[in-house]
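Student: I am new to this structure and would love a close look at a single part. Could you walk me through one sheet and the aromatic rings that belong with the topic?

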Amino acid sequence: MGRNMTTVQKASSIRFGSAKFEVGPDINSLIDLGAMNSIVFEETWDEMTVTSDNAGVIKTGMNNHVAGIEGDLMEINLATLAVVRGGIDKLETIAGTPKTITGESVTLTNQIQKRLLNKNGAGTVVTAVTVKKGATTLVDGTDYVLAVDSAGYTVISRTASGAIVSGDAVTVNYTYTPLSAQRFLSGGLGTFQPRVARITNYDDEGKKFQITIYKATPEGGLNITFPEADAEDPAMTPIRMNGTLDATRDVGMQLFEIYDEQGV
């Protein structure tokens with residue numbers, strides 16, 4: 001019968017669950033890669049030892065200090081892949097047929113932006129917009145303001161001094177043009193633009209265990225594996241971001257950061 005040799009020293013330092021994998025041009029522009037399997041962080045280095053003939057080892061250290069984050073990507077989103085691959089590809093969008101929406105109801109509260117249900121594939125503000133409160137046609141810039149959010153959706157908000165009272169419902173007519181296709185083209189561009197790569201694990205209280213690599217480039221090309229017809233798993237491609245030292249940061253913090261709210 002086995003016997004315990006110790007006890008759990010700090011239960012909050014035991015991590016459960018997977019992680020969110022994000023990549024972006026900088027720390028403030030990270031894109032969630034979405035559904036993945038087998039997310040892993042790895043740090044490696046080459047051990048460096050200097051010995052003498054008469055005094056043994058006189059110096060130990062390391063070089064080639066690197067780190068990597070990898071996983072199998074299920075969501076093969078071409079726009080996301082273009083970001084991950086650091087500018088070596090070209091992404092083109094092909095517009096579809098414009099569609100007209102009539103009488104979409106939106107309730108506007110304070111100056112909170114509300115999304116319209118449909119968006120232009122190009123991520124621009126929808127066109128031919130008419131906003132009404134009852135039978136009254138409202139004025140853009142006076143009664144309401146249009147903008148585009150981070151996901152490319154047109155958003156509408158009321159102005160503080162216009163004809164829309166907080167809590168009013170308005171109707172919006174507009175035309176939007178969805179995408180019919182995307183083209184992902186590669187070949188001829190050979191210089192990677194470094195990316196920030198990050199994985200984040202959340203516990204049941206929403207506290208984070210987060211690892212960030214500051215200067216990462218992709219390792220290897222796409223390898224989209226399609227399973228057999230009756231398989232349960234989707235097509236996937238492995239993604240690995242290799243991190244090297246970012247000389248623009250202070251010595252001692254050039255490779256990665258581990259940020260922990262769970263184990264404190």
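Tutor: Happily; what follows looks at an open sheet, then at a hairpin, then at rings and one buried residue.

A word on the model before we start: this is a predicted model, where local features need pLDDT of at least 70, side-chain atom pairs count only at pLDDT 80 or more, and totals for chains, interfaces and linings use all residues. Residues are numbered from 1 along each chain as its sequence is written, and side-chain values use heavy atoms, with hydrogens and water left out.

Let us begin with the sheet. Four strands make up an open sheet, in the order E6-E12-E8-E9, with antiparallel pairing. At its edges stand strand E6 (99–108) and strand E9 (136–137); each has a single partner strand, so one side of each is left without a neighbour in the sheet. Strands here (E, at least two residues) are DSSP runs, as are helices (H or I, at least four), and they are numbered from the N terminus. Two strands pair if DSSP finds at least two bridges between them. As a general point, strands of a sheet pair through backbone hydrogen bonds, either parallel or antiparallel.

Now cross the sheet strand by strand. E6 pairs with strand E12 (residues 168–176) over eight bridges, and serine 105 has threonine 171 in E12 as its bridge partner. On the way to the other edge, E8 and E12 are joined by four bridges, again antiparallel. Here lysine 132 stands opposite threonine 171 in E12. Finally, strand E8 (residues 127–133) pairs with E9 over two bridges, where lysine 133 has threonine 136 as its bridge partner.

There is also a hairpin to find. Strand E10 (residues 144–148) and strand E11 (residues 154–158) pair in the antiparallel sense over five bridges, and valine 148 stands opposite threonine 154 in E11. Five residues lie between E10 and E11, and glycine 152 in the turn has a positive phi of about 90 degrees.

Next, the rings. The whole structure holds two aromatic pairs. Rings of Phe, Tyr and Trp (its six-membered ring) pair if their centres lie within 6.5 Å, and planes under 30 degrees apart count as stacked, over 60 as edge-to-face and the rest as tilted. Phenylalanine 41 and phenylalanine 256 form an edge-to-face pair, 5.2 Å centre to centre with 70 degrees between the planes. This pair links distant parts of the chain, with phenylalanine 41 in strand E3 and phenylalanine 256 in strand E17 (residues 256–260), 215 residues apart. Phenylalanine 41 is partly exposed at 23% relative accessibility, and phenylalanine 256 is partly exposed at 22%. The rings of tyrosine 174 and tyrosine 176 have centres 6.4 Å apart and planes at 50 degrees, so that pair is tilted. Tyrosine 174 is buried at 1% relative accessible area, and tyrosine 176 is buried at 11%. For these words, buried means under 20% relative accessible area, exposed over 50%, and partly exposed in between (1.4 Å probe, protein chains only).

To finish, look at threonine 212 in strand E15 (residues 208–218). Threonine 212 is buried, at 0% relative accessibility. Leaving aside neighbours within four places in sequence, threonine 212 is in contact with residues including Arg198, Leu255 and Phe256; contact means heavy atoms within 4.5 Å.
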